[in-house]
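This report looks at a group of acidic residues and at where they sit in the fold. The sequence and the structure are shown first, and the description follows.

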Amino acid sequence: MDERSAVVTIGGKEYEMLLTTKATKAIAGRYGGLENLGDKLMKSENFERALDEIVWLITLLCNQPILVHNLKHPEDKQDELTADEVELLTSPMELTEYKDAIMEAMYRGTKRNVESEPDSKNAQVG
């Protein structure tokens with residue numbers, strides 16, 4: 001599993017959710033940016049629309065590791081997950097639980113790893 005991913009189980013199968021640059025561009029195109037995503041999900045005009053948005057996000061994020069695998073291993077292509085599969089293999093209650101995994105994948109995908117150098121020229125000597 002990639003350190004930038006979160007895991008969900010759909011229909012008894014584990015899927016990684018990964019925020020890639022490609023996924024970020026798709027989210028930005030749909031919502032205007034990652035910062036607008038939470039507002040859009042929370043302020044959906046109706047329940048059906050909210051479910052559609054969550055299914056779209058789950059499908060997008062779960063397909064990123066599959067697309068990466070297919071790029072790196074063209075001889076061993078995996079099938080992408082479809083929105084129909086997500087809808088058929090989950091319950092509305094599970095979808096609300098997946099929000100945490102979506103947020104975890106987003107957090108891990110945007111997290112910056114900052115390392116300090118032991119002999120930094122800016123280190124204070126005391």
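In this predicted model, Asp52 has a relative accessibility of 33% and therefore counts as partly exposed, since that class covers values between the limits of 20% and 50%. Asp52 is found in helix 3, and its C-alpha atom is separated by 9.0 Å from that of Glu87, although the two residues are 35 residues apart along the chain.

Both Asp52 and Glu87 belong to a patch of negative charge on the surface, in which they gather with Glu48, Asp79, Glu80, Asp84 and Glu85. Helix 3 and helix 4, the latter spanning residues 83-89, each supply at least two residues of this patch, and helix 4 gives the most, with three residues. Asp79, another member of the negative patch, lies in the loop between helix 3 and helix 4; with a relative accessibility of 74%, Asp79 counts as exposed.

Helix 3, which comprises residues 47-72, also holds Asn63. Leaving aside residues up to four places away in sequence, Asn63 touches Glu80 and Leu81, and Glu80 is in turn one of the residues of the negative patch. Is Asn63 buried or exposed? Asn63 counts as buried because its relative accessibility is 6%, which is under the limit of 20%.

The table sets out the accessibility values for three of the residues discussed.

| Residue | Relative accessibility | Class |
|---|---|---|
| Asp52 | 33% | partly exposed |
| Asp79 | 74% | exposed |
| Asn63 | 6% | buried |

How values were computed
Residues numbered from 1 in each chain as written. Predicted model: local features only at pLDDT ≥ 70, side-chain atom pairs only at ≥ 80, totals over all residues. Heavy atoms only, no water. Helix = DSSP H or I, 4+ residues; strand = E, 2+ residues; numbered from the N terminus. Buried < 20%, exposed > 50% of the residue type's maximum accessible area, 1.4 Å probe, protein only. Contact = heavy atoms within 4.5 Å. Patch = residues over 30% accessible without salt bridge, like charges linked within 9 Å, V, L, I, M, F, W, Y side chains within 5 Å. Areas by Shrake-Rupley, 256 points an atom, 1.4 Å probe, with all protein chains shown as cover. Salt bridge = Lys/Arg side-chain N within 4 Å of Asp/Glu carboxyl O. Lys, Arg positive; Asp, Glu negative; His and termini not counted. Charge placed at Lys NZ, Arg CZ, Asp CG, Glu CD.
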